[in-house]
Amino acid sequence: MSTLRETFLDGLADMYDAEKQLIKALPKMLQAAENESLRAGFETHLSETESHISRLEEVFEIFGEKPKGKNCKAMKGLIEEGEELFDDHCRDAAIIVAAQKVEHYEIASYGSLKSWAKLLGKREAAGLLDQTLREEKATDLKLTQVAESVVNIEENQEEAEHFGGH
Ligand code: FE
Ligand code: FE
């Protein structure tokens with residue numbers, strides 16, 4: 001039977017790989033995005049993602065382990081599926097939903113990791129994981145705000161085109 005510590009370390013390795021995949025995927029999302037605040041958001045989150053990786057390394061260290069990644073199939077699938085949508089006519093909306101699915105995966109993972117670190121008596125590690133969790137939640141919120149403004153812009157454009165045609 002595996003212990004909570006093993007389950008925790010497994011989850012840590014999963015996120016270590018997931019964040020590294022994101023470091024490669026975020027510049028592609030940034031490149032594909034048109035909306036200025038969406039692009040700015042990706043730029044900010046790219047640098048935040050770098051600190052997510054260093055925080056994971058610190059947490060490994062607190063547990064006396066060497067940082068190691070474990071192929072995160074879920075993140076691979078989320079990124080692949082997202083990239084397939086980038087050619088759509090409503091590209092920014094597609095990029096936003098892909099990014100939000102990624103953030104929700106991270107939020108679920110860091111939420112559990114933080115609780116487990118607390119249960120394992122590692123308050124400092126829990127604090128580090130919480131810092132990352134907050135940044136993922138803030139990013140998700142920003143994406144929702146951009147999603148609403150992008151949709152509004154589209155609607156207004158359609159209305160303008162509609163009235164312009166008469
Ligand atoms: Fe992250
Ligand atoms: Fe993230």
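Two residues are in contact when heavy atoms of theirs lie within 4.5 Å. Keep that in mind as you work through these exercises on a predicted model.

**Exercise 1. Which residues is Gln 100 in contact with, leaving aside its neighbours within four places in sequence?**

Solution.
- Step 1: Find Gln 100 in the structure; this residue lies in helix H4.
- Step 2: Set aside the neighbours within four places in sequence, and the contacts of Gln 100 are Asp 140, Leu 143 and Thr 144.
- Step 3: Check how covered the residue is. Buried means under 20% relative accessible area. Gln 100 has 16% relative accessibility, so this residue counts as buried.

**Exercise 2. How many helices and how many strands does the chain have?**

Solution.
- Step 1: Count the elements: the chain has five helices and zero strands.
- Step 2: Write them in sequence order, and you get the pattern α-α-α-α-α.
- Step 3: Now look at contacts between residues at least 6 apart in sequence: 81% of these join residues at least 24 apart.
- Step 4: Finish with the surface. Of the 166 residues of the chain, 41% count as buried. The accessible surface comes to about 9,600 Å², and 51% of it belongs to carbon and sulfur atoms.

**Exercise 3. Which residues are the protein donors of the iron ion (ligand 1)?**

Solution.
- Step 1: List the donors. Glu 19 appears twice, each time through OE, alongside His 52 (ND1), Glu 106 (OE) and Glu 136 (OE). These donors lie 2.1 to 2.5 Å from the ion.
- Step 2: Read the spacing of the donor residues along the sequence, which is E-x32-H-x53-E-x29-E.
- Step 3: Pick out one pair that links distant parts of the chain: His 52 sits in helix H2 (residues 36-62) and Glu 136 in helix H5 (residues 123-164), 84 residues apart.
- Step 4: Ask whether these two are buried or exposed. His 52 has 0% relative accessibility, so His 52 counts as buried. Glu 136 is also at 0% and therefore counts as buried.

**Exercise 4. What coordinates the iron ion (ligand 2), and which residue bridges this ion and the iron ion (ligand 1)?**

Solution.
- Step 1: List the donors of ligand 2: His 45 (NE2), Glu 103 (OE) twice, Glu 106 (OE) and Glu 136 (OE), at 2.0 to 2.6 Å.
- Step 2: Their residues follow the spacing H-x57-E-x2-E-x29-E in sequence.
- Step 3: Here too a pair links distant parts of the chain, with His 45 in helix H2 and Glu 106 in helix H4, 61 residues apart. Both His 45 and Glu 106 are buried.
- Step 4: Look between the two ions. Glu 106 bridges ligand 2 and ligand 1, and the ions lie 3.3 Å apart.

**Exercise 5. Which residues line the largest cavity, and which helix gives the most to the lining?**

Solution.
- Step 1: Start with the search of the whole structure, which finds one cavity of 30 Å³ or more. The largest cavity has a volume of about 50 Å³.
- Step 2: Name the lining: Leu 78, Glu 81, Gly 82, Leu 85, Ala 98 and Lys 101.
- Step 3: Sort the lining by class, and you find three nonpolar, one polar and two charged residues.
- Step 4: Trace the lining back to helices. Helix H3 (73-84) and helix H4 (91-119) each supply at least two residues. The most come from H3, with three residues.

Note on methods
Residues are numbered from 1 along each chain as its sequence is written. Chains are lettered from A and ligands numbered from 1 in the order in which they are written. This is a predicted model: local features need pLDDT of at least 70, side-chain atom pairs count only at pLDDT 80 or more; totals for chains, interfaces and linings use all residues. Side-chain values use heavy atoms; hydrogens and water are left out. On a 1 Å grid over the protein atoms alone, a cavity is a set of points where a 1.4 Å probe fits but cannot get out, and a pocket is an open set with protein on both sides within 12 Å along at least five of seven lines; lining residues have an atom within 4 Å of a point. Grid points are joined across faces, edges and corners, and a volume is the space filled by probe spheres set on the points. Helices (H or I, at least four residues) and strands (E, at least two) are DSSP runs, numbered from the N terminus. Ala, Val, Leu, Ile, Met, Phe, Trp, Tyr, Cys and Pro count as nonpolar, Asp, Glu, Lys and Arg as charged, and the others, Gly among them, as polar. Donors are N, O and S atoms within 2.8 Å of the metal (3.2 Å for Na, K and Ca); water is not among the atoms, so sites may look incomplete. Buried means under 20% relative accessible area, exposed over 50%, partly exposed in between (1.4 Å probe, protein chains only). Accessible areas come from the Shrake-Rupley method with a 1.4 Å probe; for residues, only the protein chains shown count as cover.
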